[in-house]
Amino acid sequence: MAKKVAGQLKLQVPAGSATPSPPIGPALGQRGINIMEFCKSFNAQTQEAEKGSPIPVVITYYQDKSFTFAMKTPPVSYFLKKAANLKSGSKTPGKATAGKVTRDQLRDIAEKKMKDLNAYDIDAAMAMVEGSARSMGLEIAE
């Protein structure tokens, strides 16, 4: 018989550095999830990833206090900031540009994010990434 799902929790955790301190600990603790077990297994699975990159995690927890989690790729904004060497996007997108990204960089980001995006092909994924770049105030160079 399948386990009874108690709920789902979405968090964004830095790769390789999940700790029981806030905000992770309280979010897991109030749902009865074993905090140290999650931290150890998450850190073990993300040790290959770039340290500190934000990893979105969907934790499904069950009534018997067990849990499973699925990791996704880092957000598009993280990849765009990295490609353009920025700390943050433009304060006034549309008026001031924060930096530049090339079409090749957009294609690389779209290929990395393809499994998490709702797109049929790489061109549609590139259009989504390009929209995110424009909303951050980035200029797209040919």
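**Domain layout and sheet architecture of the predicted model**

The domain assignment splits the protein into domain 1 (5-71) and domain 2 (76-140). The model is a predicted one. Between the C-alpha centres of domain 1 and domain 2 the distance is 27 Å. Along the principal axes, the C-alpha atoms of the protein occupy a box of roughly 55 × 35 × 25 Å.

The secondary structure comprises 5 helices and 5 strands. Their order along the sequence is β-α-α-β-β-α-β-α-α-β. Of the 142 residues, 37% are counted as buried. The accessible surface of the protein amounts to about 8,600 Å². Carbon and sulfur atoms contribute 52% of that surface. Sequence-distant contacts were also tallied. Among contacts between residues at least 6 apart in sequence, 60% connect residues at least 24 apart.

An open sheet is built from 3 strands in the order β1-β2-β3, with antiparallel pairing. Strands β1 and β3 form its edges, each pairing on one side only. On average, neighbouring strands of this sheet are turned by 20 degrees against each other, direction ignored. Helix α2 (residues 35-45) packs on the sheet and touches β1, β2 and β3. The direction of helix α2 makes about 30 degrees with that of β3.

The pairing can be followed strand by strand. Strand β1 (residues 5-14) runs antiparallel to β2, and 9 bridges link the two. Within this pair, Pro 14 is located opposite Pro 54 of β2. Strand β2 also pairs with strand β3 (residues 67-71), again in the antiparallel sense, over 5 bridges. Here Val 58 has Ala 70 of β3 as its bridge partner. The hairpin of β2 and β3 has 4 residues between the strands. In this hairpin, Lys 65 adopts a positive phi near 70 degrees.

Strand β2 (residues 54-62) is mostly covered. Of its 9 residues, 8 are buried. In a regular strand, side chains alternate between the two faces of the sheet.

A database annotation overlaps this region. In an unreviewed entry, UniProt places the feature "domain: Large ribosomal subunit protein uL11 N-terminal" at residues 9-67. The end C-alpha atoms of residues 9-67 are 10 Å apart. Helix accounts for 29% of the span, and strand for 27%.

One residue beyond the sheet was examined individually. Gln 105 lies in helix α4 (residues 103-113). Is Gln 105 buried or partly exposed? With a relative accessible area of 25%, Gln 105 is partly exposed, because the buried class requires a value under 20%. Neighbours within four places in sequence were set aside for its contacts. On that basis, Gln 105 is in contact with Ala 83 and Lys 100. The C-alpha atoms of Gln 105 and Met 126 are separated by 9.8 Å in space. In sequence, Gln 105 and Met 126 are 21 residues apart.

Methods: Residues are numbered from 1 along each chain as its sequence is written. This is a predicted model: local features need pLDDT of at least 70, side-chain atom pairs count only at pLDDT 80 or more; totals for chains, interfaces and linings use all residues. Side-chain values use heavy atoms; hydrogens and water are left out. Buried means under 20% relative accessible area, exposed over 50%, partly exposed in between (1.4 Å probe, protein chains only). Two strands pair if DSSP finds at least two bridges between them. UniProt positions are given in the numbering used here, feature names are shortened, and annotations may be inferred rather than shown by experiment. Axes are lines fitted to C-alpha atoms, for helices over the stretch in contact, and angles run from 0 to 180 degrees between N-to-C directions. Contact means heavy atoms within 4.5 Å. Domain bounds come from an automatic or database domain assignment. Accessible areas come from the Shrake-Rupley method with a 1.4 Å probe; for residues, only the protein chains shown count as cover.
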